[in-house]
Amino acid sequence: MQSIKSIIIGSVIVSLGAIGFIVWTISGHAGTTNQPTHTYVDAQGRSHTTPGHSDTKSTQSTSTPAKSTQAEPIVSRQTALQDLWKTSPFPQWQVAVYDEQTQDITSISNTNQPMTLASVTKVGILASVLQQQTTLTSTNQSLADDMMQHSDNDSAQTLYDQVGSAGLQQTYTAFGLTNTTVNTQHWGWTTSTATDQVTLLTHIFLPKQAQLTADQQTIIQSEMLAVDSHQKWGVGKMTQNTAVKNGWLPDDDDPNSWSLNSIGHVVDGQNAYDVAILTHGQTFDNGTQQLTDYAQQTMHILEETTR
């Protein structure tokens, strides 16, 4: 009789244990693991999310939820841009970006030597004329339209003659361009760096600058916004809202090797950037297409990174 009672009591205990295990299992505690994710930005600026490795192991019973302490590694903007541009076909290149939101300048290059600006010099010429003459006469306004919107060299020469090499150099110095040198033989051979050109752009597009009045800034901005559509490659194709000036000049001893440059102000939603890209060593047709492609990939990186 005693053995039968013991068997019944044991069966009840086993049954209650089984029911508890089932409830515990249904509630999601059995075999629970955390699966964190990692986010990274590739060289083209695209975000990817991949499963990480969980630090927690399957457990039979716990009253404390498992915690994941793993960080989400993000490639820096500079690293992403460097990885992108080191694959470019240009033997020489420099890229600089000023982010108006973070107020940071990101600069990358495969050469530290100043590069030939070609028609990008025309932005400096217009700024110098405005500095020295305060505003534009009707004649100079027409010359500025042709110089900036159509990259007319004769118009540029006429305006350049009004300020001279010394006047243009003085403007660059006043703007803080420490690696820019005006060529006294021809303004198109002026040399500069991408970082210096971004500095110039900040004087044109950031408000309350000491070297240019708001009206003078508006004149230059309007000219860069009105550039002929056929000349809006490079930075001009980064978004639908860009103010740009490009420059192109073949080497004297090699007509297949060009200086191809693009600088401008890029608006992307609530974000704005001043961008300068200087290159050398490609043909005109291939180089302008490649510069545009890499400028657009640069835009993707800017959209996905902050620093």
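**Entry 1. Terms and overall make-up**

I take helices (H or I, at least four residues) and strands (E, at least two) as DSSP runs, numbered from the N terminus. The model I examined is predicted. I began with the inventory of the protein chain, which has eight helices and nine strands. Of its 307 residues, 42% count as buried. I then turned to contacts between residues at least 6 apart in sequence, and noted that 61% of them join residues at least 24 apart.

**Entry 2. The loop before H3**

I looked up alanine 118, which lies in the loop between strand S5 (115-116) and H3. Its phi is near 60°, a positive value in a residue other than glycine. Is alanine 118 buried or exposed? Its relative accessibility is 4%, so I enter alanine 118 as buried, the limit for that term being under 20%.

**Entry 3. The loop between H6 and H7**

For a second positive phi I went to lysine 208, in the loop between H6 and H7. Its phi is about 60°, and lysine 208 is not a glycine either. The relative accessible area of lysine 208 is 84%, so I enter this residue as exposed, a term that requires over 50%.

**Entry 4. The open sheet**

I traced the sheet next. Five strands form it, in the order S4-S3-S9-S8-S7, and it is open, with antiparallel pairing. Which strands are at the edges? They are strand S4 (104-109) and strand S7 (241-250), each of which pairs on one side only. From one strand to the next, the twist averages 5°. Helix H2 (residues 77-85) packs on this sheet and touches S3, S4 and S9; the direction of H2 makes about 25° with that of S4.

**Entry 5. Strand S3 and its two partners**

I followed S3 on both sides. With S9 it pairs in the antiparallel sense over eight bridges. Here I located glutamine 94 opposite leucine 278 of S9, and tyrosine 98 with aspartate 274 of S9 as its bridge partner. With S4, strand S3 pairs in the antiparallel sense over six bridges, and valine 97 has threonine 106 of S4 as its bridge partner. The hairpin of S3 and S4 has four residues between the strands, and glutamine 103 in this hairpin takes a positive phi near 60°. Seven of the eight residues of S3 are buried, so I describe this strand as largely enclosed by the rest of the structure.

**Entry 6. Isoleucine 277**

I chose isoleucine 277 as a residue of strand S9 to examine. Its relative accessible area is 0%, so it is buried. What touches isoleucine 277, leaving aside its neighbours within four places in sequence? I listed Trp85, Gln94, Val95, Val235, Leu260, Asn261, Ser262, Leu291 and Ala295. I also checked threonine 193, which is 84 residues away from isoleucine 277 in sequence, with 9.0 Å between their C-alpha atoms.

**Entry 7. The nonpolar cores**

I recalled the general expectation that nonpolar side chains in soluble globular proteins tend to be buried together. The largest nonpolar core here has 41 residues, and those with the most contacts inside it are Ile125, Leu126 and Ile220. Strand S3 (92-99), helix H3 (121-133), helix H4 (138-149), helix H5 (153-174), helix H6 (194-205), helix H7 (214-225) and strand S9 (271-282) each supply at least two residues of this core. A second, separate core of 26 residues includes Trp233, Val235, Trp258 and Leu260.

I then listed the contacts of leucine 126, apart from its neighbours within four places in sequence. They are with Leu136, Ala144, Met147, Met148, Ile220 and Glu223.

**Entry 8. The bend in H5**

I compared the span of H5 with that of a straight helix. H5 has 22 residues, but its end C-alpha atoms are only 25 Å apart, short of the 32 Å that a straight helix would reach at 1.5 Å a residue. Where is the kink in H5 centred? I found it at glycine 164, with an angle of about 80°.

I also recorded the buried residues of H5, which are Ser155, Ala156, Leu159, Tyr160, Val163, Gly167, Leu168, Thr171 and Tyr172. Among the elements that cover them are H3, H4 and H6.

Definitions and conventions. Residues numbered from 1 in each chain as written. Predicted model: local features only at pLDDT ≥ 70, side-chain atom pairs only at ≥ 80, totals over all residues. Heavy atoms only, no water. Core = buried A, V, L, I, M, F, W, Y, C linked by side-chain atoms within 4.5 Å. Buried < 20%, exposed > 50% of the residue type's maximum accessible area, 1.4 Å probe, protein only. Contact = heavy atoms within 4.5 Å. Pairing = 2+ DSSP bridges. Axes fitted to C-alpha atoms, helices over the stretch in contact; angles between N-to-C directions. Expected span 1.5 Å × (residues − 1). Bend = angle between axes of the 7 residues up to and from the residue.
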